[in-house]
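Work through the exercises below with the sequence and the structure open beside you. Try each task before reading its solution.

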Amino acid sequence: MRWLLHPAASALGVATLCLLAILGPLLSPSHTTLYHTSGPVLTLYWAVLLDLFAVWALITIMLLFARRPGRRQAMLWSALVLALPWILLKNISMLAEFSLPHWVSVSLFTLLFATFVTLSVCWKPWFQPTFQRVLRPLTVIFGFVALNGLVLIAQLLWFAWQARALNSPVALHHPQSSSMHRAADGRVIWIILDELSYRQVYEQRFPGLSLPAFDAIAHQSTVFTHVVPAGAYTEEVVPSLMTGLPVDRIRASSGGQLFLHNPTAGAWQPFDQHQTVFEDALDAGYSTAAAGWYNPYCRILPQVLDRCFWTFTLPYPGEILANQSPAKNMTQQLLRRIEAISLWPPALHIVPLLDALEPERHIEDFREIRKAGDSILADRDANFVFLHLPIPHPEGIYNRRSKILAASSKSYQDSYIDNLALADRYLAHVRGLLQQQGEWDSSTIVIMGDHSWRTSFIWSKSGDWTPEEEAASHGGQFDDRPAYIVKLPQQQQASRINATFKAIRTRALLDALIAGQLHTIDDLDRWTKEQK
């Protein structure tokens with residue numbers, strides 16, 4: 001069996017190296033990719049394993065054709081070995097989440113391809129002994145990598161078993177009859193608009209951008225002008241806002257349990273859903289409901305939510321989708337690769353996973369959450385409501401000129417500015433729903449960004465950065481202040497709080513609003529000053 005074993009071992013080693021970017025996220029000890037997946041997680045595992053076995057089989061067949069010494073063996077092995085540096089660089093750029101400069105990719109590809117052509121043209125039979133001396137250590141190296149590949153396959157199977165029921169329906173908290181009396185006190189509605197910038201909405205609005213809903217709300221709300229964000233990444237910020245504790249990192253188990261790193265204590269601790277504002281609302285007699293994006297709210301908060309919906313459909317590396325069959329994922333990957341090869345290196349440029357929000361998936365998430373949010377808002381018994389929308393988070397998914405949800409086209413490239421217009425339209429929609437139900441004036445509404453528009457350290461470095469965004473941000477300048485707006489019940493007067501306010505105090509603010517301690521603008525101003 002040596003004729004098959006040696007090529008198969010080398011092939012597994014090469015296949016493992018070629019697919020590091022696809023294997024890595026599912027094998028990461030932080031399990032964050034798995035944590036944020038809202039679809040059937042087993043689909044991801046089967047798709048990745050199928051991809052690995054397909055590449056393994058293909059390379060094995062290739063190496064079987066290269067068993068006998070000679071020109072064919074040298075050319076096939078040369079093609080395989082010379083392709084690896086370029087493939088590995090692409091894999092590393094994806095795993096490290098940095099955008100590989102296009103000129104680097106093209107230069108390396110050209111150099112390696114030129115080397116292969118030179119070897120092919122200049123090959124002489126007397127090169128064979130030298131080639132064999134080079135080939136022996138290479139097969140040993142690939143064999144060693146293959147052993148690691150077997151370990152990785154075992155890990156994937158183990159993690160898949162642990163995560164087999166990760167997104168199965170869970171039993172939520174059941175509202176108590178005592179919560180019904182709270183409806184008469186007015187609803188508390190907490191809305192997070194992802195990446196909402198104070199500067200872009202109220203301070204230095206892009207010329208010509210109309211935000212009538214934001215302006216109308218400001219006329220009967222208190223706008224905070226100097227909010228200190230709780231962080232820069234949603235997966236850390238939202239747990240911090242819910243708990244009132246600082247969080248600078250998260251990780252999850254393969255079974256989905258969330259752990260938070262507290263930089264003040266310098267320690268990891270499991271996320272406790274009962275130590276959140278949702279438990280506070282239940283204790284105060286409210287019925288809780290949530291519809292959100294990115295964070296698995298229904299999975300981490302089932303015992304403190306009476307109603308829940310969440311979604312996040314960002315494609316996994318390799319264009320794998322959790323809600324597609326492994327066979328369909330494989331077909332889609334094959335078509336994408338054929339298309340990429342036909343267009344040569346420019347089409348193979350890879351951007352970081354977190355920057356690669358496909359507009360179609362972004363639009364789908366927005367529509368699903370808006371629909372679930374509307375259902376919750378129509379339910380009068382849901383009187384503590386949390387809504388987390390994926391706007392105005394880039395990439396652009398809205399054309400403010402035609403006023404339709406759409407991906408960028410050749411004639412028009414949507415931007416963060418367009419998404420701000422969509423966020424404004426959404427707020428007008430929410431206000432209209434509540435006014436139809438006679439609940440707008442009586443409701444307490446908190447509207448905020450989890451963080452500001454992350455221009456200089458994320459988006460201005462991406463390939464989707466537009467001239468409009470460059471102009472709006474004054475060359476990519478980063479202002480870390482998220483928008484933060486509070487409308488008290490029956491408030492009809494505009495107000496501003498110019499003092500510094502730490503967003504991490506959001507839980508304390510919501511607790512005070514739930515308890516009915518803040519009735520007037522002066523109450524809110526006084527409470528804010530006491531938080532220092």
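**Exercise 1.** In the hairpin of E4 and E5, find how many residues lie between the strands and which glycine takes a positive phi.

Solution. The model is a predicted one, and the first step is to follow the chain from E4 into E5, where four residues lie between the strands of the hairpin. The second step is to look at the backbone of this hairpin, in which glycine 266 takes a positive phi near 65°. The third step is to examine the pairing itself: strand E4 (residues 258-262) and E5 run antiparallel and are joined by four bridges. Within this pairing, asparagine 262 has alanine 267 of E5 as its bridge partner, while phenylalanine 259 stands opposite proline 270 in E5.

**Exercise 2.** Work out the order of the strands in the open sheet of three strands, and name its edge strands.

Solution. Begin with E3 and E4, which run antiparallel and are joined by four bridges; here arginine 249 has histidine 261 in E4 as its bridge partner. These two strands also form a hairpin, with five residues between them, and glycine 256 in the turn has a positive phi of about 100°. Combining this with the pairing of E4 and E5, one arrives at the order E3-E4-E5 with antiparallel pairing. The edge strands are E3 (249-252) and E5 (267-270), since each of them pairs on one side only. Neighbouring strands of this sheet are turned against each other by 30° on average, with direction ignored. As for covering, four of the five residues of E4 are buried, and E4 is thus mostly covered.

**Exercise 3.** Determine how helix H2 (residues 20-27) and helix H5 (residues 71-95) pack, and which residues make the contact.

Solution. First take the geometry: the axes of H2 and H5 are 8 Å apart and meet at an angle of about 30°. Because angles under 35 degrees count as roughly parallel, H2 is roughly parallel to H5. The crossing of the two helices is right-handed. Next list the contact, to which H2 contributes Leu20, Ala21, Gly24 and Pro25, and H5 contributes Leu88, Asn91, Met94 and Leu95. Finally sort these residues by kind, which gives six nonpolar, two polar and no charged.

**Exercise 4.** Explain why helix H17 (residues 506-514) is described as largely enclosed by the rest of the structure.

Solution. Start by listing the buried residues of H17, which are Thr506, Arg507, Leu509, Leu510, Ala512, Leu513 and Ile514. Seven of the nine residues of H17 are therefore buried, and so the helix is largely enclosed by the rest of the structure. To finish, look just after H17, where glycine 516 takes a positive phi of about 70°.

How values were computed: Residues are numbered from 1 along each chain as its sequence is written. This is a predicted model: local features need pLDDT of at least 70, side-chain atom pairs count only at pLDDT 80 or more; totals for chains, interfaces and linings use all residues. Side-chain values use heavy atoms; hydrogens and water are left out. Buried means under 20% relative accessible area, exposed over 50%, partly exposed in between (1.4 Å probe, protein chains only). Two strands pair if DSSP finds at least two bridges between them. Axes are lines fitted to C-alpha atoms, for helices over the stretch in contact, and angles run from 0 to 180 degrees between N-to-C directions. Angles under 35 degrees count as roughly parallel, over 145 as roughly antiparallel, 65 to 115 as roughly perpendicular and the rest as oblique. A crossing is left-handed if the near helix is turned anticlockwise from the far one by less than a right angle, and right-handed if clockwise. Contact means heavy atoms within 4.5 Å. Ala, Val, Leu, Ile, Met, Phe, Trp, Tyr, Cys and Pro count as nonpolar, Asp, Glu, Lys and Arg as charged, and the others, Gly among them, as polar.
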